[in-house]
Amino acid sequence: MATVLITGTNKGVGLELTKIYAGRGDRVYAACRDPESATDLKAVEGDVHPIKVVVGDTASVTQMAEKLAGVAIDMVINNAGMAGPAFDQQNTYAMDYDGWAETFNVNSIGPVRVLQALIPNLRLAEAGKVMTVTSQMGALSFEMIAAHAYCASKAAVNKFMRMASVDLKKEGIAVGLVHPGWVQTDMGGPRADLTPRESADGVAAVSDALTIENTGGFWKWNGESHDW
Ligand SMILES: NC(=O)c1ccc[n+]([C@@H]2O[C@H](COP(=O)([O-])OP(=O)(O)OC[C@H]3O[C@@H](n4cnc5c(N)ncnc54)[C@H](OP(=O)(O)O)[C@@H]3O)[C@@H](O)[C@H]2O)c1
């Protein structure tokens, strides 16, 4: 039995990840912005502990970590993320700069806040690890013509987590990145390829396979390596 902390658990991929780990008998700290109103999350059976966190707010992440002081956490899954401004406001010719900054704050800095705040908890685990749900849209190798702010935010988190993997390897903590596929969520829309469950099954398998030996990797939900 493991202890897992997942962000963005009120819906989408994060909610399905919560169901998967709780279904195995793991303890899940299910972090989201508003646990009170997270009806679907509250209905998940098992050892599930909804916990409030606003990943874009340092004080909120610190408060979450304070509540978890002394708890060994085997795995953190940074899943919360946002799409950013409307596509006609995040491109080469037009940019909602405040929206881009918020997208960076949530998608790039949020996972770092959570990782840093929970390092003491990861140290208490036998083999702590951190998986961040990124996107193929953040890969420099993946040609994109839209969503410039979102793409840049995911590229930034990819680079940071790759660097964190080198630093934390010395402590035995593994760090990885996973592209969850194109998923039928509020973010991905109804025409996407994968159901949230299909995506989450893949993300969970890739996360389970993350070890100190393959730390620093970037994978697709189906287990294939992702080009940077
Ligand atoms: N769907 C896709 O096709 C796709 C493709 C590639 C990568 N991804 C990535 O997969 C992850 C999960 O996305 P999803 O598809 O499950 O999307 P989703 O259903 O829209 O869920 C997004 C989650 O992130 C949280 N979130 C959104 N904005 C936030 C903010 N400003 N501050 C804190 N939390 C915020 C949401 O909480 P609230 O309900 O409180 O807003 C929700 O829990 C994201 O990192 C996303 O970038 C998704």
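The chat below walks through a predicted model, taking in the ligand shell, some helix contacts and a few single residues.

Q: What kind of model is this?
A: This is a predicted model.

Q: OK, let's start with the ligand. Which residues come nearest to the ligand?
A: There are 26 residues around the ligand, and the ones that come nearest are Gly8, Gly12, Gly81, Thr185 and Gly188.

Q: And which helix gives the largest share of that shell?
A: That is helix α1, made of residues 12-23, which supplies three residues of the shell around the ligand.

Q: How does the shell divide by class?
A: The shell around the ligand holds 13 nonpolar residues, ten polar residues and three charged residues.

Q: Back to α1 then. At what angle do the axes of α1 and α6 cross?
A: The axes of α1 and helix α6, which covers residues 196-209, cross at roughly 60° and come within 8 Å. With that angle, α1 is therefore oblique to α6, and the crossing of the two helices is right-handed.

Q: Which residues make that contact?
A: On the α1 side the contact is made by Gly12, Val13, Glu16, Leu17 and Ile20, while α6 brings Pro196, Arg197, Ser199, Ala200, Asp201, Val203 and Ala204. By class, the residues of the contact of α1 with α6 divide into seven nonpolar, two polar and three charged.

Q: What about Thr18, is that buried or exposed?
A: Thr18, which is found in helix α1, counts as buried because it has 20 or more C-beta neighbours inside 10 Å, with a count of 31.

Q: What does Thr18 touch?
A: Leaving out residues up to four places away in sequence, Thr18 touches Ile6, Thr9, Val28, Ala30, Leu41, Val44 and Val48. As for Ala101, that residue is 83 residues from Thr18 in sequence and 29 Å from Thr18 in space, taken from C-alpha to C-alpha.

Q: Switching helices: how do α4 and α5 cross, parallel or perpendicular?
A: The axes of helix α4 (residues 97-124) and helix α5 (residues 148-169) come within 9 Å and cross at roughly 20°, which means that α4 is roughly parallel to α5. The crossing of α4 and α5 is right-handed.

Q: Which residues are in that contact?
A: From α4 the contact takes in Gly99, Trp100, Thr103, Phe104, Asn107, Ser108, Pro111, Val112 and Leu115, and from α5 it takes in Ala149, Tyr150, Ser153, Lys154, Ala156, Val157, Phe160 and Ala164. Sorted by class, the contact of α4 with α5 has eleven nonpolar residues, five polar residues and one charged residue.

Q: And where does α3 meet α4?
A: Thr58, Val61, Thr62 and Ala65 in α3 meet Arg113, Val114, Ala117 and Leu118 in α4. The axes of α3, which spans residues 58-67, and α4 come within 9 Å and cross at roughly 30°, and α3 passes α4 in a right-handed crossing. The contact of α3 with α4 has five nonpolar, two polar and one charged residues.

Q: Now the loops. Where is Ala147 found?
A: Ala147 is found in the loop between β5 (129-133) and α5. Ala147 counts as buried because it has 20 C-beta neighbours inside 10 Å.

Q: What is the phi of Ala147?
A: Ala147 has a positive phi of about 60°, although Ala147 is not a glycine. As background, most residues other than glycine have a negative phi.

Q: What about Met144, where does that lie?
A: Met144 lies in the loop between β5 and α5, and Met144 counts as partly exposed because it has 14 C-beta neighbours inside 10 Å. Not counting residues up to four places away in sequence, Met144 touches Met137 and Cys151. Met144 and Gly188 are 44 residues apart in sequence and 16 Å apart in space, from C-alpha to C-alpha.

Q: Last ones: where do Asp57 and Glu36 lie?
A: Asp57 lies in the loop between β3 (48-52) and α3, where it counts as partly exposed because it has 15 C-beta neighbours inside 10 Å. The C-alpha atoms of Asp57 and Asn105 are separated by 8.4 Å, and the two are 48 residues apart along the chain. Glu36 lies in the loop between β2 (27-32) and α2 (39-42), and Glu36 counts as exposed because it has 9 C-beta neighbours inside 10 Å.

Conventions: Residues numbered from 1 in each chain as written. Predicted model: local features only at pLDDT ≥ 70, side-chain atom pairs only at ≥ 80, totals over all residues. Near = placed C-beta within 6 Å. Helix = DSSP H or I, 4+ residues; strand = E, 2+ residues; numbered from the N terminus. Nonpolar A, V, L, I, M, F, W, Y, C, P; charged D, E, K, R; others polar. Axes fitted to C-alpha atoms, helices over the stretch in contact; angles between N-to-C directions. Parallel < 35°, antiparallel > 145°, perpendicular 65-115°, else oblique. Left-handed = near helix turned anticlockwise from the far one by under 90°. Contact = placed C-beta atoms within 7 Å. Buried ≥ 20, exposed ≤ 12 C-beta atoms within 10 Å, placed from the backbone.
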